[in-house]
Every structure is written in C-alpha cells, then in structure tokens.
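Grab your viewer and a notepad. Could you set me some worked exercises on this one, with each solution laid out in steps?

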Amino acid sequence: MPVLSLARLALHLLVGLWKVGVLFPFLDAAGRERRVQRWSRQLVAICGVSVKVDEHLQAAPVSPALIICNHISWLDIFVINALHPCRFVAKSDIRSWPLIGWLCE
C-alpha cells in the first residue's frame, strides 16, 4: 500500500474510534448499524477491494441468519459488515489489544 493509502487508512480508523466513543452512546441501534455499515464500506474502498454481489442470491431474506466464516483475512469482517450489519464473536484475548480490543468490545 502506498504511503497516502496507509495515511487514509489510519485516519479512517481514528475517525471510527472517535465515532464509537463520542457518537455511539447517543445513537439508537439502527443509527449505529448505519454508521458501521457506511464505515465498513469506506474501509473496504480505501483498501482497494471491490465486492461483487450475486443479485440472484440476494433475493432471499438475509435476516435473521447465522454466518459462519473461516477468515481468509482481517478484511472479511468489514466486507460482511458492508453488505449487512451484523455482530461477530471473537476470541477473548482480542479484548487486550490496544484500541482495537476496545473497539471490538
């Protein structure tokens, strides 16, 4: 990734942390989901990933659903969230990671 893209990614992560800390306490669940979905779409775009969705498969309702994913990369979570806001289960040791642990919780 070029330096400019890394800077955009770092700024995007910091803005996301700020939103979680400052805005989320005042938003309802739907408002938080919209912001998470928009933020995830922007993150995927910053990383240069294009997502193709088979419209034929999207005709069926997606909620409620259980999605089981064997992650190929850390980006999988954000691609799924960009398409449909959802919750993820993570290992307990992620909570101890600086900043990201707080964000995941």
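Here are some exercises on this predicted model, each followed by its solution.

**Exercise 1. Get the overall layout**

Work out how many helices and strands the protein has, and in what order the elements run.

*Solution.* Start with the count: there are five helices and zero strands. Reading from the N terminus on, that gives α-α-α-α-α. Next, put a box around the C-alpha atoms along the principal axes, and you get roughly 40 × 35 × 25 Å. Finally, check burial: of the 105 residues in the protein, 22% are buried.

**Exercise 2. Check the length of H1**

Take helix H1, residues 3–23, and test its end-to-end span against 1.5 Å a residue.

*Solution.* H1 has 21 residues. The expected span is 1.5 Å times one less than that number, so the helix should cover 30 Å. Now take the C-alpha atoms at the two ends: they sit 29 Å apart, which agrees with the expectation.

**Exercise 3. Find the two sides of H1**

Which residues of H1 are buried, and which ones on the other side are exposed?

*Solution.* Use the cut-offs first: buried is under 20% relative accessible area, exposed is over 50%. The buried residues of H1 come out as Leu 9, His 12, Gly 16 and Leu 17. They cover an arc of only 135° around the axis, so they lie on the same side of H1. Then turn to the other side of H1, where you'll find Val 3, Leu 4, Leu 11 and Leu 14 exposed.

**Exercise 4. Track down the salt bridge**

Find which side chains meet in a salt bridge, then say where in the chain they come from.

*Solution.* Your search should turn up one salt bridge in the structure. Its partners are the side chains of Glu 33 and Arg 87, at 3.9 Å from N to O. That passes, because the cut-off is a side-chain nitrogen of Lys or Arg within 4 Å of a carboxyl oxygen of Asp or Glu. Now place the partners: Glu 33 is in helix H2 (residues 29–46), while Arg 87 is in the loop between helix H4 (75–83) and helix H5 (100–104). The pair is 54 residues apart and links distant parts of the chain. As for accessibility, Glu 33 is at 31%, so it counts as partly exposed. Arg 87 has a relative accessible area of 60%, so it is exposed.

**Exercise 5. Describe the largest pocket**

How much space lies in the largest pocket, and which residues lie nearest its centre?

*Solution.* Volume comes first: the largest pocket holds about 1,500 Å³ of space. Then list the lining, which has 43 residues; nearest the centre are Ile 77, Phe 78, Asn 81, Phe 88 and Cys 104. Sort the lining by type and you get 30 nonpolar, seven polar and six charged residues. Last, map the lining onto the helices: H1, H2, H4 and H5 each supply at least two residues.

**Exercise 6. Sequence gaps and space gaps**

For the loop residues Val 49, Val 53 and Asp 93, compare separation along the chain with C-alpha distance.

*Solution.* Begin with Val 49, in the loop between H2 and H3. Its C-alpha atom is 9.2 Å from that of Leu 75, with the two 26 residues apart along the chain. Val 53 is in the loop between H2 and helix H3 (55–58). Val 53 and Leu 23 are 30 residues apart along the chain, and their C-alpha atoms are separated by 31 Å. Asp 93 belongs to the loop between H4 and H5. From Asp 93 to Trp 74, the step is 19 residues in sequence and 16 Å in space, C-alpha to C-alpha.

To finish, classify the exposure. Val 49 has a relative accessible area of 31%, so it is partly exposed. Val 53, at 33%, is partly exposed. Asp 93, at 39%, counts as partly exposed.

Note on methods: Residues numbered from 1 in each chain as written. Predicted model: local features only at pLDDT ≥ 70, side-chain atom pairs only at ≥ 80, totals over all residues. Heavy atoms only, no water. Helix = DSSP H or I, 4+ residues; strand = E, 2+ residues; numbered from the N terminus. Buried < 20%, exposed > 50% of the residue type's maximum accessible area, 1.4 Å probe, protein only. Arc of directions from axis to C-beta. 1 Å grid on protein atoms, 1.4 Å probe; cavity = no way out; pocket = protein on both sides within 12 Å on 5 of 7 lines; lining within 4 Å. Points joined across faces, edges and corners; volume = space filled by probe spheres on them. Nonpolar A, V, L, I, M, F, W, Y, C, P; charged D, E, K, R; others polar.
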